[in-house]
Structures are given as C-alpha cells and as structure tokens.
Amino acid sequence: MGVDNPSTFSVKELGDKQTTWRKAKKSFNRHWQFYLLIIPPVLYFIIFKYIPMVNSIIAFKDYNVVQGIWGSDWVGLKHFQLFFHNPQFWDLIRNTFVLSVYSLAVGFPIPIILALALNEIKNGFFKKTIQMVTYAPYFISTVIIVSMLTLMFSPRLGIVNKILEYFGLESINFLGRPDLFRDIYVWSDVWQLAGYSAIIYLAALSSVDPSHYEAAKVDGATRLQKIIYIDLPSIVPVATIILILSVGNIMAIGFEKVFLLQNPLNLQTSEVIATYVYKVGLLNANFSFATAVGLFNSVINLILLVSVNAFARKFSNSSLW
C-alpha cells in the first residue's frame with residue numbers, strides 16, 4: 001500500500017487556503033457595502049459583550065478595588081457555595097423560573113393568535129387601526145408602564161378599586177399581594193409587547209403564496225382549516241426560532257420592571273435573581289458574590305438554549321445552528 005508524500009498534503013492545504021482567500025476577497029469586493037454595515041454591530045458585541053466576559057473571573061476571587069481584578073486573592077468556588085447554601089437560593093430559583101415560564105406560556109402564543117386574526121381581516125382601515133392600537137404600547141417606557149399600573153391599582157384612588165367599591169366590593173391592595181404580583185407583571189407585559197411581537201408573524205404570513213388560499217377555497221376549506229393547514233405551517237420556522245431564544249433566556253427575567261413593581265409586601269414572589277444580584281452586588285458592594293450568581297444564571301441559560309436548540313433540530317427543520 002503506497003503512502004502519499006507529506007509534502008503533497010501541504011501543497012494541497014496551501015492551495016485550498018489560497019482558493020478560500022480568493023473567494024473571500026471576491027465576495028468582499030462585490031458586497032463591500034454589506035460588510036461595512038455589519039462592522040458596527042460586530043464591534044458592539046466584541047467591545048460590550050465578549051471583552052467584559054473576561055472580568056467574570058472575579059467570581060472566583062475576593063475582588064478588592066485596590067488590588068484590582070488580577071491582583072485579588074483567588075478563592076475558587078467559595079462564592080458559588082455561599083450562594084447554593086443561601087437560605088434564599090431555592091426561593092430565588094423558584095420565583096425566577098415560575099415568572100419566566102408564566103411569561104413564556106402566555107406571551108408566546110398570544111402574538112401568534114393576534115397575527116392570525118389580523119391576517120384574516122380584509123378591511124384595510126380596521127386592520128391598520130387594530131395594528132396601531134396593539135403596537136403603540138411597545139413605545140411606552142417601562143417606568144411609565146409601572147406608574148400607570150400603580151395609579152390603576154392604588155388601594156384608595158385607583159380606578160380598579162373605584163369600580164370594585166361601586167359594586168359594593170372591598171378595595172384590594174393589588175400590588176401588595178404576593179399572589180397577584182405575577183399576574184400583574186405577565187399580563188401587563190402581554191399588553192405592552194403582543195402587538196410588536198405579532199409583526200414578525202405577520203411578515204411570515206405575508207410571504208405565503210396566494211395560490212395556496214385559492215386552492216384551499218376551491219377544495220371547500222373553511223377559514224379555520226386555512227389557518228391550520230396554510231397559515232400555521234408557514235410561521236412554524238419563525239415561531240421555533242423565537243421559542244428557542246425565549247427558552248434560552250428563561251432565567252434572565254427582566255430586572256427593571258420587576259424591581260419597580262417590587263415592594264416589601266410582595267417580596268415573597270417578586271424577589272428574582274436579577275434583583276438579588278443588584279442588591280447584593282451594587283448596594284452591598286459584594287461584587288464577587290454578585291458576579292458568581294450572575295455567572296451561574298448565565299450558565300443555566302446557556303444549557304437551556306443548547307438543549308432546546310438540539311431538541312428543535314432533531315424534531316423539526318428549524319434551529320439556530
């Protein structure tokens with residue numbers, strides 16, 4: 001059995017590299033405008049996302065401002081162990097997970113339903129009006145949303161309690177009840193984000209070939225059958241990608257809105273990992289411990305993202321990679 005000369009492989013590899021380089025150069029010359037457009041977002045992720053990841057090493061150190069990141073004493077998994085043995089550990093995990101899953105279970109299907117409903121509306125003016133009304137709340141800042149909720153659910157002056165009193169019912173301190181915190185958070189999120197999220201599905205529905213609807217009409221398909229057999233399959237790839245990304249962020253519940261709605265009365269269900277990291281890391285200046293908690297949260301999200309992506313790739317034709 002003959003053995004090829006090692007130099008042959010070197011020449012071949014060199015030729016492949018030169019061919020790849022020529023293709024890349026040719027592609028850049030033809031599409032240099034597109035490459036120019038992606039430079040700012042690539043730089044953004046490198047500067048503000050990837051480079052700061054190096055500083056996560058303080059999770060394994062007792063960070064001291066004077067000694068700096070690299071000069072601080074190495075303590076290994078000390079801060080992770082402190083977090084795992086913290087009496088609040090399971091409460092934080094449960095609150096974060098339940099709130100995220102609740103948000104996903106409600107917030108994922110409603111924009112799809114809204115998009116399917118809007119797609120069935122033939123009156124252009126009415127359709128645009130509904131789109132504008134559902135899309136507008138997305139532009140309201142979180143601080144304003146929380147202020148609106150506070151005024152609406154105020155025990156004495158809130159319009160909701162005024163309506164309850166009008167019907168002879170007792171007023172309720174909605175924002176002070178732990179059992180109502182999740183409902184207020186999730187459904188206000190749906191009101192604010194459903195219209196914006198529906199646009200993505202409407203874009204997918206607009207790409208459906210009209211001949212499919214015509215063929216279904218000839219076959220006598222009902223409107224519901226058209227939705228099931230034409231509309232839904234057309235948005236499955238987009239919905240799969242959004243679901244993967246949503247599950248990948250299931251432990252990264254938003255900080256700002258939770259923190260603004262939080263008060264001593266509802267702390268039992270409103271204290272999540274994000275608010276805990278803020279209080280421990282910034283208010284108490286325990287940067288190493290807060291970084292360890294944040295790193296643990298990020299690792300969980302990464303595992304969920306990879307797992308769900310693998311599951312989607314195995315059972316469907318859509319996945320992130």
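Let's start where helix α5 (residues 89-107) packs with α6, at an angle of about 10° and with the two axes 5 Å apart. That angle makes α5 roughly parallel to α6, since angles under 35 degrees count as roughly parallel. Keep in mind as we go that this is a predicted model.

Which residues bring these two helices together? From α5 come Leu104, Ala105, Val106 and Gly107, and they meet Pro109, Ile110 and Pro111 of α6. Sorted by class, the contact of α5 with α6 has six nonpolar residues, one polar residue and no charged residues.

Now follow the chain along α6 to its other partner in this tour. Helix α6 covers residues 109-120 and helix α7 covers residues 124-135, and the pair packs at an angle of about 160° with axes 9 Å apart. Angles over 145 degrees count as roughly antiparallel, and α6 and α7 are therefore roughly antiparallel to each other. Is their crossing left-handed or right-handed? The crossing of α6 and α7 is left-handed.

The residues that meet here can be picked out in your viewer. On the α6 side they are Leu114, Leu118 and Asn119, while α7 offers Lys127, Ile130, Gln131 and Thr134. By class, this contact of α6 with α7 has three nonpolar residues, three polar residues and one charged residue.

From helix pairs we can turn to single residues, beginning with leucine 164. You will find leucine 164 in helix α9, which spans residues 159-166. Is leucine 164 buried or exposed? Its relative accessible area is 18%, and buried means under 20%, so leucine 164 is buried. Setting aside neighbours within four places in sequence, the contacts of leucine 164 are Leu169, Glu170, Ile172 and Phe174.

Our last stop is threonine 269, which sits in helix α14, residues 267-270. Threonine 269 has a relative accessibility of 9% and so counts as buried, by that same cut-off of under 20%. What does its side chain reach at 2.8 Å? The side chain of threonine 269 reaches the backbone oxygen of proline 178 at that distance. Pro178 also appears in the list of residues in contact with threonine 269 once neighbours within four places in sequence are left aside; that list is Asn95, Pro178, Phe181 and Arg182. One of these names leads back to our starting point: helix α5 runs over residues 89-107, and Asn95 is in contact with threonine 269.

Methods
Residues are numbered from 1 along each chain as its sequence is written. This is a predicted model: local features need pLDDT of at least 70, side-chain atom pairs count only at pLDDT 80 or more; totals for chains, interfaces and linings use all residues. Side-chain values use heavy atoms; hydrogens and water are left out. Helices (H or I, at least four residues) and strands (E, at least two) are DSSP runs, numbered from the N terminus. Buried means under 20% relative accessible area, exposed over 50%, partly exposed in between (1.4 Å probe, protein chains only). A polar contact is a pair of N or O atoms within 3.5 Å; within protein, one must be able to donate a hydrogen and the other to accept it, and residues adjacent in sequence count only if both atoms are side-chain atoms. Contact means heavy atoms within 4.5 Å. Axes are lines fitted to C-alpha atoms, for helices over the stretch in contact, and angles run from 0 to 180 degrees between N-to-C directions. Angles under 35 degrees count as roughly parallel, over 145 as roughly antiparallel, 65 to 115 as roughly perpendicular and the rest as oblique. A crossing is left-handed if the near helix is turned anticlockwise from the far one by less than a right angle, and right-handed if clockwise. Ala, Val, Leu, Ile, Met, Phe, Trp, Tyr, Cys and Pro count as nonpolar, Asp, Glu, Lys and Arg as charged, and the others, Gly among them, as polar.
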